[in-house]
Amino acid sequence: MSKKNPSLWQRALEAAVGDDTPGSAPLANRLLAKLPGGAIVQEQMDKVEKRILGELKSRLDRLEGSGEQTVQVVAFSMETQSGHAPTRDLREPAEMLRELLAISSEQSKEQAELAYYSSLLRNLLPDEARILSAVSDGGVYPLINLVALSKLGIQSHVVLENTCSVGRAAGVQLPEMTRGYIQRLMAAGLVETGPEDYALTTKYEILETDDVLRKLIAQMKVSGQRNQLKRRVLKISELGRNLWEACRITED
């Protein structure tokens, strides 16, 4: 495809990756380059981004004949949510809003879904993508919340959330960040918790030996604070399942 008439896919890709000219590297990339192991993290993110864009390419190609608005919806979502330098910083807010409203009146349901899914994917970290992959088959993982109890035995507040085995099972690079990954995935609506699965009793007992969890429990006992472990399960949500099916990822 010539530069004069780039395809919808080419324009979406350009909007997603931003400007490649010297000195235009995003702030996040420049910071990563200075951190120990930053190059490895950046390489992971680049691989995930390439894979995600590749999965969306086939769907965008099928929509190419539906008009210019398709790529505008997807590209706008990508560029404003990505870590790359946005290309619409100089637009007036009112102009941006008018454009969004105009696009929304013409886009199809599938185009709106693509825009939303693109926005979600651009905000995922590589390790979070691995966790989403781990639960994509419908399986569940034991999850424990540590809560403080009042003198009457009533739950007063949560002390530690989302102690879960899914991080190690998924092979994340930073297992100690699993609680944070789960919190972000929940905030995005991609995973959710369910009631205790009694078939996982042994796995719950193993999970209760978690170092961070045990230290907090010990501290609470010393201070005279009553506590309770709430057993739950982590699973993919309906939105997460729809996103996974839309990407049609079948590789290991």
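## Working through a predicted fold

Cys164 is buried, at a relative accessible area of 11% (buried is under 20% relative accessible area, exposed is over 50% and partly exposed lies in between, with a 1.4 Å probe and protein chains only). The model is a predicted one, with local features needing pLDDT of at least 70 and side-chain atom pairs counting only at pLDDT 80 or more, while totals for chains, interfaces and linings use all residues. Residues are numbered from 1 along each chain as its sequence is written, and side-chain values use heavy atoms, with hydrogens and water left out.

**Exercise 1. Take stock of the protein: how many helices and strands does its secondary structure have?**

- Step 1. Count the elements: there are 12 helices and 4 strands. Both are DSSP runs numbered from the N terminus, with at least four residues (H or I) for a helix and at least two (E) for a strand.
- Step 2. Check the burial: 37% of the 252 residues count as buried.
- Step 3. Look at the surface. The protein has about 14900 Å² of accessible surface, and carbon and sulfur atoms own 54% of that. The area comes from the Shrake-Rupley method with a 1.4 Å probe.
- Step 4. Look at the contacts (heavy atoms within 4.5 Å). Of those with a separation of 6 or more, 75% link residues 24 or more positions apart.

**Exercise 2. Work out the sheet: in what order do its 4 strands come?**

- Step 1. Read off the order: the open sheet runs 2-1-4-3, with antiparallel pairing. Two strands pair if DSSP finds at least two bridges between them.
- Step 2. Find the edges. Strand 2 (155–164) and strand 3 (191–195) each pair on one side only.
- Step 3. Get the twist: on average, neighbouring strands are turned by 35 degrees against each other, direction ignored. For angles like this, axes are lines fitted to C-alpha atoms (for helices over the stretch in contact), and N-to-C directions give values from 0 to 180 degrees.
- Step 4. Add the helix on top. Helix 9 (residues 178–187) packs on the sheet and touches strand 1 (141–149), strand 2, strand 3 and strand 4, with its direction at about 105 degrees to that of strand 2.
- Step 5. Walk across the pairings. Strand 1 and strand 2 are antiparallel over 6 bridges, with Leu149 bridged to Gln155. Strand 1 and strand 4 run antiparallel too, joined by 9 bridges, and Tyr141 has Leu234 as its partner. Strand 3 and strand 4 (residues 226–236) share 5 bridges in the antiparallel sense; among the bridges to strand 4 are Gly194 with Val233 and Val191 with Ile236.

**Exercise 3. Sort two helices by burial: which residues of helix 9 are buried?**

- Step 1. List them: Thr178, Arg179, Tyr181, Ile182 and Leu185.
- Step 2. Look down the axis. These residues fall within an arc of 160 degrees, so they line one face of helix 9. The arc is that of the directions from the helix axis to the C-beta atoms.
- Step 3. Repeat for helix 12 (residues 238–247), where Gly240, Leu243, Trp244, Ala246 and Cys247 are buried. They sit on the same side of helix 12 because they cover an arc of only 160 degrees around the axis.
- Step 4. Flip over: Glu238 and Glu245, on the other side of helix 12, are exposed.

**Exercise 4. Hunt for positive phi: which residue has one although it is not a glycine, near 65 degrees?**

- Step 1. Recall the background: most residues other than glycine have a negative phi.
- Step 2. Pick the residue. That's Asn162, with a positive phi of about 65 degrees. Asn162 lies in strand 2 and is buried, at 3% relative accessibility.
- Step 3. Check the ends of the helices. Gly189, just after helix 9, has a positive phi of about 80 degrees, and Arg248, which follows helix 12, has one near 50 degrees.
- Step 4. Check the hairpin: strand 1 and strand 2 have 5 residues between them, and Gly153 in the turn has a positive phi of about 85 degrees.

**Exercise 5. Follow the cysteines: how many disulfides turn up in the whole structure?**

- Step 1. Search for them: the answer is 0, taking a disulfide as a pair of cysteine sulfur atoms within 2.5 Å.
- Step 2. Place Cys247: this residue is in helix 12 and is buried, with a relative accessible area of 6%.
- Step 3. Find a distant partner in sequence. Tyr117 is 130 residues away from Cys247 along the chain, yet their C-alpha atoms are 9.0 Å apart.
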